[in-house]
Amino acid sequence: MRAARLIKMVLLLQSRPTMTAAELARELEVSERTVTRDAQALSEAGVPVYAERGRAGGYRLIGGYRTRLTGLARGEAEALFLSGVPGALREMGLEDAASAARLKVSAALLPSLRDASRTAAQRFHLDAPNWFREPRTPESLPAVADAVWDDRRITARYRRGRDEVTRELEPYGLVLKAGVWYLCARATGTTKAAGIADGGLEDPGSGSGSGSGSGASYRGYRVYRIDRFAAVAAGEERFARDDGFDLPAFWADRAEEFARSLLRSEVVVRLTARGLRTLPHAVDAPAARAALEHAPAPDPDGWVTVTLPVESEEVAHGQLRGLGPEVEVLAPGTLRERFARDARRLAELYGTP
């Protein structure tokens, strides 16, 4: 532990001209007294750490000293590619590896480029969680992330309603979608709980399918919400990863498949020109695309009649209400009657001008 901290201290001093004891203590997460002892230990080991007293003082390396401890370990290199998503790194337990990797890169750069990471961070930030939702890190996420990085099989108990099912999985990849973590994995064995059929999940991905665009087969791969894992145990056995598995393509394919699977009903509506423009913002994107692809020409009054796939009549009622007078429901009759009741209530509420 101390050796890693001493190395980090050298890399920090190598990447910056001077650092105060307070700055080093903050970066190393130790006390200023510990910083003083560590600086003394480095000096005794032959590292030319020089301490300057006074208000403008601090610690620095003298004599153009350069450490050769800048080779990236595999885990650090992998974490570096994720350094734009600090929240996700922290939740997966990779924050320390990414920090060490960034320090090594900074130490290897020319002095004029050492502030690149800071200037980039000031210009780009990824805020993954959804609005108005308190993000919660699943307890099993670090264990699952370790297994994903090491290609180790896991045995997981997965909650489905009030029951649990035990699955043996080959964890291929993690996806953070709107603040929710998902595991993309290949099931190698399943012990079914009473009343649980071995089939598709309610999350994106239901078992078999083909990859979008590339024609790659993703049969046997599934998607699991990590916050529904009741327990995860990683074994020592590693699996042979399929090099043809493309995580972004697989996720896009499953997400599209999941969105389409929810659209089990249809409604017929008339839309004004403004309603047509607003429709993609009011309903699910796959539904809007399906409706607008086959939209006919406007009628003499400028209205366009389309058939809109929807999840249910209840969901369609909530979504289409946002379009107000820019939409008229033609079918089914039960949904049209809902809107008629809404119109009568609004007329009673606001009265006749």
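Start by selecting Glu29, which sits in the loop between helix H2 (21–28) and helix H3 (32–44). The model is a predicted one. Glu29 is not a glycine, yet its phi is positive, about 60°. Colour the chain by accessibility and Glu29 shows up as exposed, with a relative accessible area of 73%.

Step back into helix H2 and pick Glu27. Is Glu27 partly exposed or buried? With a relative accessible area of 32%, Glu27 is partly exposed, because buried would require a value under 20%. Leaving aside residues up to four places away in sequence, Glu27 touches Lys8, Leu12, Arg16 and Met19. To check one of these pairs, draw a distance between the C-alpha atoms of Glu27 and Lys8: the value is 9.1 Å, for residues 19 apart along the chain.

Now go to Asp151, in the loop between helix H8 (141–150) and strand E3 (152–160). Asp151 is another residue other than glycine with a positive phi, here near 55°.

Zoom out for the whole chain. The protein chain has 13 helices and 10 strands. Of its 353 residues, 35% are buried. The accessible surface amounts to about 20800 Å², and carbon and sulfur atoms account for 51% of that. Taking contacts between residues at least 6 apart in sequence, 64% join residues at least 24 apart.

Next, display strands E8, E9 and E10 as a cartoon. In what order do the three strands lie in their open sheet? The order is E9-E8-E10, with antiparallel pairing. Strand E9 (304–310) and strand E10 (327–331) are the edge strands, each pairing on one side only. On average, neighbouring strands of this sheet are turned by 35° against each other, direction ignored. Strands in a sheet pair through backbone hydrogen bonds, and the pairing can be parallel or antiparallel.

Keep strand E8 (residues 265–271) selected. Seven bridges join E8 to E9, and the two run antiparallel. For a register mark, label Val268, which stands opposite Thr307 in E9.

Add helix H10 to the view. H10 lies across E8 and E9, and its direction is at about 140° to E8.

Then add helix H11. Two packed helices are described by the angle and the distance between their axes. The axes of H10 (residues 273–282) and H11 (residues 285–293) come within 8 Å and cross at roughly 150°. The two helices are therefore roughly antiparallel to each other, as the angle is over 145 degrees. Show side chains for the residues that make the contact: Leu276, Leu279 and Pro280 on H10, and Ala288, Ala291 and Leu292 on H11. What classes of residue make up this contact? Six are nonpolar, with no polar and no charged residues.

Stay on H11 and select Pro286, Ala287, Ala288 and Ala291, which are buried. To see what lies against the buried residues of H11, show helix H9 (247–262), H10 and E9, since these are the elements they pack against.

For the last stop, follow E10 to its end and select Ala331 and Pro332. The peptide bond from Ala331 to Pro332 is cis, with omega near 0°. Pro332 is in the loop between E10 and helix H13 (333–350).

Conventions. Residues are numbered from 1 along each chain as its sequence is written. This is a predicted model: local features need pLDDT of at least 70, side-chain atom pairs count only at pLDDT 80 or more; totals for chains, interfaces and linings use all residues. Side-chain values use heavy atoms; hydrogens and water are left out. Axes are lines fitted to C-alpha atoms, for helices over the stretch in contact, and angles run from 0 to 180 degrees between N-to-C directions. Helices (H or I, at least four residues) and strands (E, at least two) are DSSP runs, numbered from the N terminus. Angles under 35 degrees count as roughly parallel, over 145 as roughly antiparallel, 65 to 115 as roughly perpendicular and the rest as oblique. Contact means heavy atoms within 4.5 Å. Ala, Val, Leu, Ile, Met, Phe, Trp, Tyr, Cys and Pro count as nonpolar, Asp, Glu, Lys and Arg as charged, and the others, Gly among them, as polar. Two strands pair if DSSP finds at least two bridges between them. Buried means under 20% relative accessible area, exposed over 50%, partly exposed in between (1.4 Å probe, protein chains only). Accessible areas come from the Shrake-Rupley method with a 1.4 Å probe; for residues, only the protein chains shown count as cover.
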